[in-house]
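Hi,

Here's the structure I said I'd pass along. Have a look, and I'll run through what turned up below.

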Amino acid sequence: MIQGAFELTDANGNGQLDIDELKNRFDASRHPSVLNGDTTAQLLTNEFFETFEAHHKMLNDDQRYMPVALPQFGDYYHSVSSLYDLDEDFVQMMTAAWQMKSPARPAKRREANPPAVPMDAKRW
């Protein structure tokens, strides 16, 4: 998921994201928190860039606007993922924010006629 977002965002294919690539791809308008009415797209966009920059500066001797490689992007989103109780919620956020196609979900298999347990079956 994280690598997919990175690759979609890396418009020039150089293996690093610059600030313009991030700004061109990140779309908070479809973020679940915006759709729920908890925040606005503008506030969420500002929050993303502020926290992303702070995280990046921490790892790069306080330098701003350096290109970001996949390991740094992954590290940031590893931290973000810990804020989500369910993996599905994290996937939904990533899919929406980075304009990704929704991942295919395997169909849940359910037996049409589950085997009946005989009434006289011994239980543990």
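Among contacts in the protein chain between residues at least 6 apart in sequence, what percentage join residues at least 24 apart? The figure is 54%. Bear in mind that this is a predicted model.

On the overall layout: the protein chain has six helices and two strands, and reading along the sequence gives the pattern α-β-α-α-α-β-α-α. Of its 124 residues, 28% count as buried. The chain exposes about 9300 Å², with carbon and sulfur atoms supplying 51% of that area.

The part I spent time on is helix 6, which covers residues 87-97. Buried residues there are F90, M93, M94, T95, A96 and A97. As for what covers them, the list includes helix 1 (2-9), helix 2 (19-25), helix 3 (32-35) and helix 5 (70-81). Right after the helix comes Q99, and its phi is positive, near 55°.

Then there's the charge. D85, D87, E88 and D89 form a negative surface patch. E88 belongs to helix 6 too, and its relative accessible area is 45%. Why does E88 count as partly exposed? Because that 45% lies between the 20% cut-off for buried and the 50% cut-off for exposed.

So if you open just one region, go for helix 6: it holds E88 from the negative patch as well as buried residues such as F90 and M93.

Cheers

Conventions: Residues are numbered from 1 along each chain as its sequence is written. This is a predicted model: local features need pLDDT of at least 70, side-chain atom pairs count only at pLDDT 80 or more; totals for chains, interfaces and linings use all residues. Side-chain values use heavy atoms; hydrogens and water are left out. Patches are made of residues with over 30% relative accessible area and no salt bridge: like charges are joined within 9 Å, nonpolar side chains (Val, Leu, Ile, Met, Phe, Trp, Tyr) within 5 Å. Accessible areas come from the Shrake-Rupley method with a 1.4 Å probe; for residues, only the protein chains shown count as cover. A salt bridge is a side-chain nitrogen of Lys or Arg within 4 Å of a carboxyl oxygen of Asp or Glu. Lys and Arg count as positive and Asp and Glu as negative; His and the chain ends are not counted. The place of a charge is taken as NZ of Lys, CZ of Arg, CG of Asp or CD of Glu. Helices (H or I, at least four residues) and strands (E, at least two) are DSSP runs, numbered from the N terminus. Buried means under 20% relative accessible area, exposed over 50%, partly exposed in between (1.4 Å probe, protein chains only). Contact means heavy atoms within 4.5 Å.
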